[in-house]
Amino acid sequence: MCATVAFAFLWLRSAQSTAVVLLIHPLSSKSAASVYKTCASSGSGLGKRYLVTGAAGFIGFHASVQLRSRGDVVVGLDNFNDYYPVSLKRARAQVLASKGVPVVDLDLNDQEALQELFRLCSFTHVLHFAAQAGVRYAARNPFAYVQSNIAASVALMEAMRLQKPMPVLVYASSSSVYGLSKRFPFTEDDRVDQPASLYAATKRSLELLSHTYFNIYKMSVTGLRFFTVYGPWGRPDMSVMSFARNIVDGKPIRVFQGPNNTELARDFTYVGDIVNGVLAALDTAPPSADPKSPPSYRLFNLGNTQVHTVSEMVETLQDLMGMKALVKYQPLGATGDVLRTNANITAAHEALGYTPQTNLREGLQEFVKWYFDYYGSDGKKRPADEVGYVPD
């Protein structure tokens with residue numbers, strides 16, 4: 001047993017008689033030692049320790065990198081599910097490990113493992129990005145969303161409220177909560193009681209559940225409603241990444257249309273701008289359960305504000321890739337997709353200083369650079385689990 005593991009073991013044993021079992025299962029001794037070593041470091045010297053759930057996911061990865069780059073202590077968590085090819089998540093986790101961010105393989109619904117993690121490290125902030133993503137996939141696997149987006153979030157907030165001092169919570173919501181709203185741009189005080197998809201309903205549920213923890217336990221809570229995030233290391237089930245793959249392979253791109261051939265339009269937002277807003281939310285959040293500083297419950301839109309049709313995005317993407325896209329238009333089915341998203345970011349600008357800097361062409365250019373770096377000069381050097389992958 002290495003010295004770090006032995007030290008963690010002794011530290012745990014003083015707190016709980018079942019430490020031997022907990023250290024080996026559900027967390028491995030390697031994971032426990034890595035978490036303990038990371039949390040024992042001084043980081044930036046400010047005493048802040050960040051837990052990032054969904055750290056091997058797209059936005060969680062970028063947020064973890066940015067936090068670590070400024071010297072913060074960061075521990076990642078991910079269950080590495082196979083909703084999309086796991087190799088990409090493992091690759092992100094390897095990058096994080098090389099930067100000093102351990103990513104624990106853990107499902108938030110495993111309450112024993114989660115409690116063990118919080119005993120190993122007294123987190124000051126929790127950045128909650130772990131979720132079952134995707135609007136269309138919910139139509140054929142609804143229970144995955146209830147388990148991952150609702151039950152897992154409650155398990156996390158329970159672990160948080162039991163820690164003293166209680167951490168600050170910043171979590172990912174979604175523009176999908178605006179559902180069938182016809183008021184543009186979307187504003188935080190708009191009605192959000194008409195979700196168009198199960199995914200949206202679970203994200204709105206998280207907003208409501210987190211408010212109860214703010215109200216009852218005085219947890220400091222900030223929810224961030226993301227608008228169509230894209231960029232390097234993106235999700236292969238989302239349009240930018242899946243379209244790039246089809247362009248490389250010479251396969252048709254499906255572009256959905258609404259009634260009367262209405263084009264779908266999105267407030268495409270570059271991941272770098274999103275992460276700037278995330279870090280600003282963390283840095284401005286008051287502490288939880290502090291009698292000297294009352295906690296807050298905040299909700300912010302994080303978008304770009306410039307709306308583009310999907311066809312406009314495809315035209316820009318094919319131009320930057322130097323390849324021709326084969327576009328196939330088809331009617332939008334009853335999957336829960338909405339026709340248009342558009343963010344009003346006034347509140348985020350005033351409270352967080354959030355000001356997106358990256359236009360669609362600039363952001364897609366960064367994505368294309370990464371794509372050919374990761375998948376080779378021809379874009380076809382893919383891990384085995386990505387060969388033949390077709391998103392919903």
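These legends accompany several close-up views of a predicted model.

**View 1. Helix 7 packs against helix 8.**
Here we look at two helices, helix 7 with residues 142-162 and helix 8 with residues 198-217. Their axes lie 10 Å apart and make an angle of about 15°, which means that helix 7 runs roughly parallel to helix 8. The crossing of the two helices is right-handed. On the helix 7 side, the contact is made by Pro 142, Tyr 145, Val 146, Asn 149, Ile 150, Ser 153, Val 154, Met 157, Glu 158 and Arg 161. Helix 8 contributes Leu 198, Tyr 199, Thr 202, Ser 205, Leu 206, Leu 209, Ser 210, Tyr 213 and Tyr 217. Sorted by character, the residues of this contact are 12 nonpolar, 5 polar and 2 charged.

**View 2. A salt bridge within helix 7 joins Arg 161 and Glu 158.**
Staying with helix 7, this view turns to a pair whose closest N and O atoms are 2.9 Å apart. Arg 161 and Glu 158 are 3 residues apart in the helix, about one turn. In general, an α-helix has 3.6 residues a turn, so residues three or four places apart point the same way. Arg 161 has a relative accessible area of 22% and is partly exposed; Glu 158, at 25%, also counts as partly exposed. Both residues take part in the contact with helix 8 as well.

**View 3. Asp 392 and Arg 140 form a salt bridge between distant parts of the chain.**
The closest N and O atoms of this pair are 2.7 Å apart, while the residues are separated by 252 positions in the chain. Asp 392 sits in the segment after helix 13 (360-374), and Arg 140 belongs to the loop between strand 4 (125-128) and helix 7. How exposed is each partner? Asp 392 is partly exposed at 27% relative accessibility, whereas Arg 140 is exposed, with a relative accessible area of 60%.

**View 4. Asp 237 and Arg 235 meet in a salt bridge.**
In this pair the N to O distance is 2.7 Å. Are the two residues buried or exposed? Both Asp 237 and Arg 235 are buried. For the wider picture, the model has a count of 15 salt bridges, and Arg 70, Asp 72 and Asp 283 are linked in a network of them.

**View 5. Helix 9 is mostly covered.**
Of the 11 residues in helix 9 (residues 239-249), 8 are buried. They are Val 240, Met 241, Ser 242, Phe 243, Ala 244, Arg 245, Ile 247 and Val 248. What do these buried residues pack against? Their neighbours are helix 5 (86-98), strand 7 (229-230), strand 8 (252-257), helix 11 (310-321) and helix 13. Just after helix 9 comes Gly 250, with a positive phi near 70°.

**View 6. Thr 284 in helix 10 and its surroundings.**
Thr 284 belongs to helix 10, which covers residues 271-284. With a relative accessible area of 35%, Thr 284 is partly exposed. Leaving aside residues up to four places away in sequence, Thr 284 touches Arg 298, Ala 351 and Leu 352. Thr 222 is 62 residues from Thr 284 in sequence, and their C-alpha atoms are 9.8 Å apart in space.

**View 7. Cis peptide bonds precede Pro 165 and Pro 185.**
As background, most residues other than glycine have a negative phi, and most peptide bonds are trans. The bond that joins Lys 164 and Pro 165 is cis, with omega about -5°. Pro 165 lies in the loop between helix 7 and strand 5 (168-174). A cis bond also joins Phe 184 and Pro 185, again with omega about -5°. Pro 185 is found in the loop between strand 5 and helix 8.

**View 8. Thr 228 and Thr 305 have positive phi values.**
Thr 228 is not a glycine, yet its phi is about 35°. This residue lies in the loop between strand 6 (221-226) and strand 7 and counts as buried, at 18% relative accessibility. Thr 305 has a phi near 85° and is found in the loop between strand 11 (297-302) and strand 12 (308-309). Thr 305 is partly exposed, with a relative accessible area of 30%.

Key:
Residues are numbered from 1 along each chain as its sequence is written. This is a predicted model: local features need pLDDT of at least 70, side-chain atom pairs count only at pLDDT 80 or more; totals for chains, interfaces and linings use all residues. Side-chain values use heavy atoms; hydrogens and water are left out. Axes are lines fitted to C-alpha atoms, for helices over the stretch in contact, and angles run from 0 to 180 degrees between N-to-C directions. Helices (H or I, at least four residues) and strands (E, at least two) are DSSP runs, numbered from the N terminus. Angles under 35 degrees count as roughly parallel, over 145 as roughly antiparallel, 65 to 115 as roughly perpendicular and the rest as oblique. A crossing is left-handed if the near helix is turned anticlockwise from the far one by less than a right angle, and right-handed if clockwise. Contact means heavy atoms within 4.5 Å. Ala, Val, Leu, Ile, Met, Phe, Trp, Tyr, Cys and Pro count as nonpolar, Asp, Glu, Lys and Arg as charged, and the others, Gly among them, as polar. A salt bridge is a side-chain nitrogen of Lys or Arg within 4 Å of a carboxyl oxygen of Asp or Glu. Buried means under 20% relative accessible area, exposed over 50%, partly exposed in between (1.4 Å probe, protein chains only).
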